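Trainee: I am new to this structure and would like a close look at one part of it. Could you walk me through the place where the chains meet?

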Amino acid sequence: MLSSARQVQLLVGLLFVVGFGAAAYKHFFLGFPLLASETETVWQLEGRIVFEPGEGPVEVRLNLPDGNAARRVVSSDFASPGFDYEEIVEDGVWLGRWKAERASGTQVIYIRSQSYFADTAEEAERPLSKPMTVNLDDALKVSAEALLKDLDQTVSQENALKILRKLNRPGDSRVATLLRDNSSPAKRTQIAGQLLTMAGYSVQHVRGIFLDDKARSQSIYNFLEVSLGDKKILLDARENASIPWDRVILLQRGDEPLLEVFGGNNSRTTFATTKVQRAAFTSAVEAAGHAKNPLIDFSIYSLPLSEQNTFKLLLVMPLGALVVVILRNLVGIRTSGTFMPVLIALTFLQTSLITGLMLFIIVVGVGLVMRSYLSSLNLLLVPRIASVLVFVIIIYGAIGVMSTKMGWQGGLKVTFFPMIILSWTIERMSILWDESGPHEVMIEGFGSLLTASLAYLLMSNSFVADTVFLYPELLLVLLGVIIAIGTYSGYRLSDLRRFEPMERH
Amino acid sequence: MFLGSLLGLASPKALRESGIVGMNQRNVRYIARNNPRRLYPKVDNKYLTKLLCAEHGIAVPKLLGACRLQGHIKELKEFLSPLPCFVIKPAQGSGGKGILVIAGRDGEDYLKPNGKRVTHDELCRHVSNILSGLFSLGGKPDIALIEDMVKFTDDFQGFSFEGVPDIRVIVYKGFPVMAMTRLSTSDSDGKANLHQGAVGVGIDMLKGVALRGVQHGRPIEKHPDTGKLLSTLKVPHWRDLLMLAARGYEVSQMGYLGVDIVLDRHEGPLLLELNARPGLAIQVANGRGLRPRLDFIDKAPANLSYKDRVNFVLEHWDQ
């Protein structure tokens, strides 16, 4: 059996590891932001497939967005009445497949997903899956070589863009030869890819959707994935520009078709993209929930929003308790009632600090005066405290009415104070006054208000409150700190003050 | 230089070197380890303490009666009428709260030691407050004890103002380790409570003579009211007093204990009460830290009789 000191050390260590570990996991692996105030962009992609079914069974296949290491899907759903849906992987290509035994009339299938990009650097580091090879006929090859001849041969983004610019310069005879039968966007991109390959780049022709806010009826764009050795960039052959990884969703990486409809005709597909700004942690929570991560699935984020707000308030309470522990056991401040300051600090959250302090002093001060009369009445304990409770209610009412008459709405906030706690505070202070005099009452009263104010300042800090809400597991760390203080046997600040005369002698 | 000294703070290093025990150390190392929770009622309830003392044949102020129910209060007048002087105290009070000392009579009224009058109604209210738990820990209903007033020895003449001085001995594992006497002053309203301004005087463990005095945490040489030199104070029956303190351990079984003793003119040392959480001001009054003595006792032989324990201390203590 371990000694209790050893157990405490182990327990505190364990709490620290688990608390910080869970928080680090959420930050680094689930993409939780450090601050709740961080926002990020979520892209909604909506695909619309329209076709005319023929007689008999129908099968529709849509190439789904390719895996992008940086892309996190927050939600996805589809609307396709009468069709069975499943997602399949065929020849390394991810497909959505809709099947129906029969269908009649024009059919419309919607598919929608929301996603955001966590870290684009990851995607830029992945190698190309199928780089293209040169397959131009001899005539075109000569033109291409001529075009590339007087260019810098080193591999860089700058030089790659120069090649594209050359290809897009009108009036050049070599360009005209190259593009004679290849003017469609896809062919043009293919030629650009050939040129880059000949210039020594590793290139892949990909197709995808350009992410643009409120873009309806988007068509498929052609892009070139170009490897620059250590990193991969995405080029638009028409615009001579490099495209950031978080502005596109790639659908086709190879030659696979985008849409296939068996048993129907006249099919077409369009895409719409919308940009949504929202709190970064919401996306992280939803992405983790989408991936059925147990840490998130069984957390307070699974509660309805209103309950989450209740917990947001509860989660800061331990911080107030920590302030009490520190002030009482490390500093040595005396308070009236152990955790009364935390409850008062909680009230300050509703009333704001200055108003709260004023109201507290008024209520307790008037309460003490009224209570001093009770001292001479010779009452039993419980009826006496009950009377103080009635006094407190009367004082609440008087403050509320008078402050409203004087045009100060702040006085109404007095009702946020916990009545029972205030009654007991008044009772305790009154007894302390009788026994030890007003000096002690001032010391305890001041200590309580100081503790409550510090607890309030910590609990009301939005950075602190948000952090605890985002990473509730940090409460385990807090528990570790409290337990560690519980075994602290060194001097309190008040000991140093109190034994100071001994040092001088 | 330690920044704290500008703020009137001692340096932790200096305190540690002189072996001062702080609040946290007292609570964690001494009280939590040596005083099991189940023993607390034995010392927190003075009625129980008295019964236990009687079992062990330890001298205590005589218990005249106890008032347990509000309904009994009306019988008080008749009960108290033959008693010229007495003390009413809550059985579960703490820190000297709720103790009413009656030293005499003036017609229907009672007189406190300082000559202030207390009417019978006021006395009844006080008892009622005791019963309803005003002075007890956590506001639990309590009983009121009526005790004989101690006829205090004359040896302390001039050292105390209007109150009964008592002697506090810290008893660690049954060994008396440090002592002080607490003298009431006009500041403390006749109460022997250091918080309220009583004078604490550290007592030499071997000879029972005064070491030095403190009031409000500051060293003083003379009693603030009577002007008597504190260094001339000598506690009589010192050895008997230490024996009595050591026996407090047998009564309570608590390893870290404060034993409060008064000296009766006729009956000698009487055990007034036991305290499971004795304060640390005794270190200031003695000008010494408790730690070296507690460490020494930790190495002392166990299972000694109280006489042997006192002898052990008297033989081995170097001051």
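Trainee: How many residues of chain A are in contact with chain B, and how many residues of chain B take part?

Mentor: Happy to help! A word on the ground rules: this is a predicted model, in which local features need pLDDT of at least 70, side-chain atom pairs count only at pLDDT 80 or more, and totals for chains, interfaces and linings use all residues. Residues are numbered from 1 along each chain as its sequence is written, chains are lettered from A and ligands numbered from 1 in the order in which they are written, and side-chain values use heavy atoms, leaving out hydrogens and water.

Now to your question: 31 residues of chain A are in contact with 38 residues of chain B, where contact means heavy atoms within 4.5 Å. The two chains bury about 3000 Å² between them, and carbon and sulfur atoms give 56% of that. Buried area here is the accessible area (1.4 Å probe) that two parts lose on being put together, summed over both. On the chain A side, A:Glu435, A:Tyr491 and A:Met502 lose the most area to chain B, together 22% of what that side buries.

What holds charges across this boundary? The count between the chains is 1 salt bridge, meaning a side-chain nitrogen of Lys or Arg within 4 Å of a carboxyl oxygen of Asp or Glu. Its partners are B:Arg218 and A:Glu500, with N to O at 3.6 Å. There are also 9 residue pairs in polar contact across the interface, both residues at pLDDT 80 or more. A polar contact is a pair of N or O atoms within 3.5 Å; within protein, one must be able to donate a hydrogen and the other to accept it, and residues adjacent in sequence count only if both atoms are side-chain atoms.

The elements of chain A that give two or more residues to this side are α12 (381-405), α13 (419-436), α17 (493-498) and α18 (500-504). Helices (H or I, at least four residues) and strands (E, at least two) are DSSP runs, numbered from the N terminus. By class, the chain A side has 11 nonpolar, 10 polar and 10 charged residues; Ala, Val, Leu, Ile, Met, Phe, Trp, Tyr, Cys and Pro count as nonpolar, Asp, Glu, Lys and Arg as charged, and the others, Gly among them, as polar.

Let us follow α13(A) a little further. It packs against helix α14 (residues 438-460) of chain A at an angle of about 140°, with the axes 7 Å apart. Axes are lines fitted to C-alpha atoms, for helices over the stretch in contact, and angles run from 0 to 180 degrees between N-to-C directions. Among the residues making this contact are A:Trp433 of α13(A) and A:Val441 of α14(A). The contact has 5 nonpolar, 2 polar and 2 charged residues.

Finally, the setting: chain A has 18 helices and 14 strands, while chain B has 10 helices and 14 strands.
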